[in-house]
Amino acid sequence: PEVLPEPSAVKTMLRHSVLAHGFLSKVAPRWWLHAFREVRVHRQGFPVACLLMERLAEWALERGVLVVVVGQPESTMVWQYDRQDALVAKVLACARNQGLVSLNLVKEYRFLLGSNPGLHDRFFNPAGVHMSGEGNAWAAKKIGRTLETELPEHFKGNLGQEARGELVETR
């Protein structure tokens, strides 16, 4: 297994600077935001993901559970979209082939970003990889619409207002 080194003393020191955090989050997000050590056991991510989708589908079928697999963007993906688009699409195709409901928000987000470059700053928290309240509301609305249109018949009628995507405005 490939073990990545511990963070350097310089990286540890820079963590105390808001300016350094803002700058490095944009120019070197993978190096900067992934402070934990990674252990890479293999480079077979896609085949393993498809096998996991098969197991997930079996598990869901045995229990009568609806599973929705969502390809959701993250802040650090902004520099690698071409590669990520293809990979997310392949994994979601595996999910669909196993009968799971799937939704590709990475592709949709990238399309929206093309006509609205400021969207990234609105949809993601400035200090990390996580979506903001606005970004999460967008994702939730998209998931709700997917449930309305792609919900298998045997699940219809069993869902409450929130699960059907009828978002209640809280402002």
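**Exercise 1.** Which residues of strand β4 (residues 101-104) point one way, which point the other way, and are they buried or exposed?

*Solution.* Keep in mind that you're looking at a predicted model.
- Step 1: pick out one side of the strand, where you'll find Val101 and Leu103.
- Step 2: turn to the other side, where Ser102 and Asn104 point.
- Step 3: check the burial, and you'll see that all of these β4 residues are buried.

**Exercise 2.** Find the strand that runs alongside β4, and say how many bridges join the two.

*Solution.*
- Step 1: go to residues 68-71, which make up strand β3.
- Step 2: count the bridges from β3 to β4, and you get four.
- Step 3: look at the direction of the two strands, which run parallel.
- Step 4: for a landmark, take valine 70, which has leucine 103 of β4 standing opposite.

**Exercise 3.** Work out whether the length of helix α4 (residues 45-63) agrees with what its residues should span.

*Solution.*
- Step 1: start from the 19 residues of α4, which at 1.5 Å a residue should span 27 Å.
- Step 2: compare that with the end C-alpha atoms of α4, which are 27 Å apart, so the two agree.
- Step 3: see what comes after the helix, namely glycine 64, with a positive phi near 65°.

**Exercise 4.** Which residues of α4 are buried, and which are exposed on the other side?

*Solution.*
- Step 1: list the buried ones: Ala49, Cys50, Met53, Ala57 and Ala60.
- Step 2: look down the axis of α4, where these buried residues fall within an arc of 100°, so they line one face of the helix.
- Step 3: recall the general pattern: an α-helix has 3.6 residues a turn, so residues three or four places apart point the same way.
- Step 4: flip to the other side of α4, where Leu51, Arg55 and Glu62 are exposed.

**Exercise 5.** What makes up the largest nonpolar core, and which elements give two or more residues to this core?

*Solution.*
- Step 1: the largest nonpolar core has 14 residues.
- Step 2: those with the most contacts inside this core are Met53, Val67, Val69, Ala95 and Leu100.
- Step 3: α4 and α5 are the elements that give two or more residues to the core.
- Step 4: there's another core lying apart from that one, with ten residues, including Tyr109, Phe123, Phe124 and Met131.
- Step 5: zoom in on valine 69, whose contacts beyond four places in sequence include Met53, Leu56, Leu92 and Ala95.

**Exercise 6.** How many salt bridges does a search of the whole structure find? Examine three examples.

*Solution.*
- Step 1: begin with the idea that side chains of opposite charge can pair when their charged atoms come close.
- Step 2: the search of the whole structure gives four salt bridges.
- Step 3: in one of them, arginine 63 meets glutamate 62, at 3.2 Å from N to O. Arginine 63 is partly exposed at 48% relative accessible area, while glutamate 62 is exposed at 63%.
- Step 4: arginine 110 pairs with aspartate 85, with the closest N and O atoms 2.6 Å apart. This pair links helix α6 (residues 105-115) to helix α5 (residues 81-97), across 25 residues. Since buried means under 20%, aspartate 85 counts as buried at 18%, whereas arginine 110, at 32%, is partly exposed.
- Step 5: lysine 142 forms a salt bridge with glutamate 108, again with closest N and O atoms 2.6 Å apart. Here lysine 142 sits in helix α8 (residues 133-150) and glutamate 108 in helix α6, 34 residues apart. Lysine 142 is buried at 19%, and glutamate 108 is partly exposed at 27%.

Notes:
Residues numbered from 1 in each chain as written. Predicted model: local features only at pLDDT ≥ 70, side-chain atom pairs only at ≥ 80, totals over all residues. Heavy atoms only, no water. Salt bridge = Lys/Arg side-chain N within 4 Å of Asp/Glu carboxyl O. Buried < 20%, exposed > 50% of the residue type's maximum accessible area, 1.4 Å probe, protein only. Pairing = 2+ DSSP bridges. Expected span 1.5 Å × (residues − 1). Arc of directions from axis to C-beta. Core = buried A, V, L, I, M, F, W, Y, C linked by side-chain atoms within 4.5 Å. Contact = heavy atoms within 4.5 Å.
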